[in-house]
Amino acid sequence: MEGDYHVGQILDTLKQLGIDDNTIVVFASDNGPQGQTARETRQPGNAGQGNSGPFRGELGEATEGAIRTAAIIRWHGKVKPSTTTYAMFSIMDFLPTFAHIVGGKLPTDRAMTASIRPTSCSAAQPIGHRESMLSFVGGDLVATRWKQWRIYFTDVHPTGIGPQRQPGMFSASAPMAGYPKIYNIEMDPHEDLVVAAMFGWVSGPALKTVDEYMATLKRYPIRPRRTSRNFAAVAN
């Protein structure tokens, strides 16, 4: 109710300013719910923080329930009302998409994700540009999706301080027996059936997406994260 109220304020303001027909409005989430974790840890007042529905997992994990989230786009004259798409995209794809729409220039000193504009504009391209998406926990690559397949290289296990990777055999860097795990999330959205034995060939194209990502790191090395809390010094 609160979210509906605040979105309504924004839409009303755009209309009052006379720019509602010339403004792209995006309502999206970057993570899934935390309702189950809140209920299990009995956090007062937090038990109503959503449900991931048919998908497995919640906020802080790398599962579908953690990263498959709602996204609603209103673009007058471009996106038809009440239409949906199964296109795979990351929230990071919005930057190149908006830059493409307004004719902006993107940085050339780093790898950029693909624009999703054709997906938003045309029902003739319901699948979109993406065939794959990598999932990280912190700086560790823990899973990837390729088409309708989801492949895990390790698991995320809850601990007493929240959903974190456990040390030892459950860490992302440890060799794991039985990995990678493969699920067909189109037929099995809750990821109950590991199908690696039947569809082991999926590992090939899935690992190719990882190789392609690693190649970008050679061309565009990851920049060190700033650790200074002196914002004035950083600004200077």
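## Strands, cores and an aromatic cluster

Strands β4 and β5 run antiparallel and are joined by 4 bridges. They belong to a predicted model, in which the chain of 236 residues has 29% of its residues buried and a secondary structure of 7 helices and 8 strands. Among contacts between residues at least 6 apart in sequence, 53% join residues at least 24 apart, and the accessible surface comes to about 15,900 Å², of which 56% belongs to carbon and sulfur atoms.

**Strand pairing around β5**

- The two strands β4 and β5 form a hairpin with 2 residues between them, and K147, which sits in the turn, has a positive phi of about 50°.
- Across this hairpin, T144 stands opposite I151 in β5.
- Strand β5 also pairs with β8 (residues 181-184), in the antiparallel sense and over 4 bridges, and here R150 stands opposite Y183 in β8.
- Both faces of β5 are covered, since W149 and I151 on one side are buried, as are R150 and Y152 on the other.

**Nonpolar cores**

- The largest nonpolar core has 9 residues in all, namely W146, W149, I151, F153, I182, V195, V202, A206 and V210; the elements that give two or more residues to this core are β5 (149-152) and α6 (203-219).
- A second, separate core of 7 residues includes A143, Y152, Y183 and I185.
- Leaving aside residues up to four places away in sequence, A206 touches T144, W146 and I151.

**A143 in strand β4**

- A143 lies in strand β4, which covers residues 140-146, and its relative accessibility of 0% is under the 20% cut-off, so A143 counts as buried.
- Residues up to four places away in sequence aside, A143 touches L134, S135, R150, I151, Y152 and F153.
- The C-alpha atoms of A143 and A62 are separated by 6.9 Å, although the two residues are 81 residues apart along the chain.

**Aromatic pairs**

- The count of aromatic pairs comes to 7; in one of them, the rings of W146 and W201 have their centres 6.1 Å apart and their planes at 90°, and because angles over 60 degrees count as edge-to-face, this pair is edge-to-face.
- W146 lies in strand β4 and W201 in the loop between β8 and α6, so this pair ties together parts that are 55 residues apart in sequence.
- The partners differ in their exposure, as W146 is buried with a relative accessible area of 12%, whereas W201 is exposed with a relative accessible area of 52%.
- W149 and F199 form an aromatic pair that is tilted, with 4.9 Å centre to centre and 45° between the planes; this pair links distant parts of the chain, with W149 in strand β5 and F199 in the loop between β8 and α6, 50 residues apart.
- W149 counts as buried at 5% relative accessibility, while F199, at 30% relative accessibility, counts as partly exposed.
- W146, W149, F199 and W201 form one aromatic cluster.

**Helix α1**

- Helix α1 (residues 2-16) has 15 residues and, at 1.5 Å a residue, should span 21 Å, which agrees with the 21 Å between its end C-alpha atoms.
- After α1 comes G18, whose phi is positive, near 75°.

How values were computed: Residues are numbered from 1 along each chain as its sequence is written. This is a predicted model: local features need pLDDT of at least 70, side-chain atom pairs count only at pLDDT 80 or more; totals for chains, interfaces and linings use all residues. Side-chain values use heavy atoms; hydrogens and water are left out. Buried means under 20% relative accessible area, exposed over 50%, partly exposed in between (1.4 Å probe, protein chains only). Contact means heavy atoms within 4.5 Å. Accessible areas come from the Shrake-Rupley method with a 1.4 Å probe; for residues, only the protein chains shown count as cover. A nonpolar core is a set of buried Ala, Val, Leu, Ile, Met, Phe, Trp, Tyr and Cys residues joined through side-chain atoms within 4.5 Å. The expected span of a helix is 1.5 Å times one less than its number of residues. Two strands pair if DSSP finds at least two bridges between them. Rings of Phe, Tyr and Trp (its six-membered ring) pair if their centres lie within 6.5 Å; planes under 30 degrees apart count as stacked, over 60 as edge-to-face and the rest as tilted.
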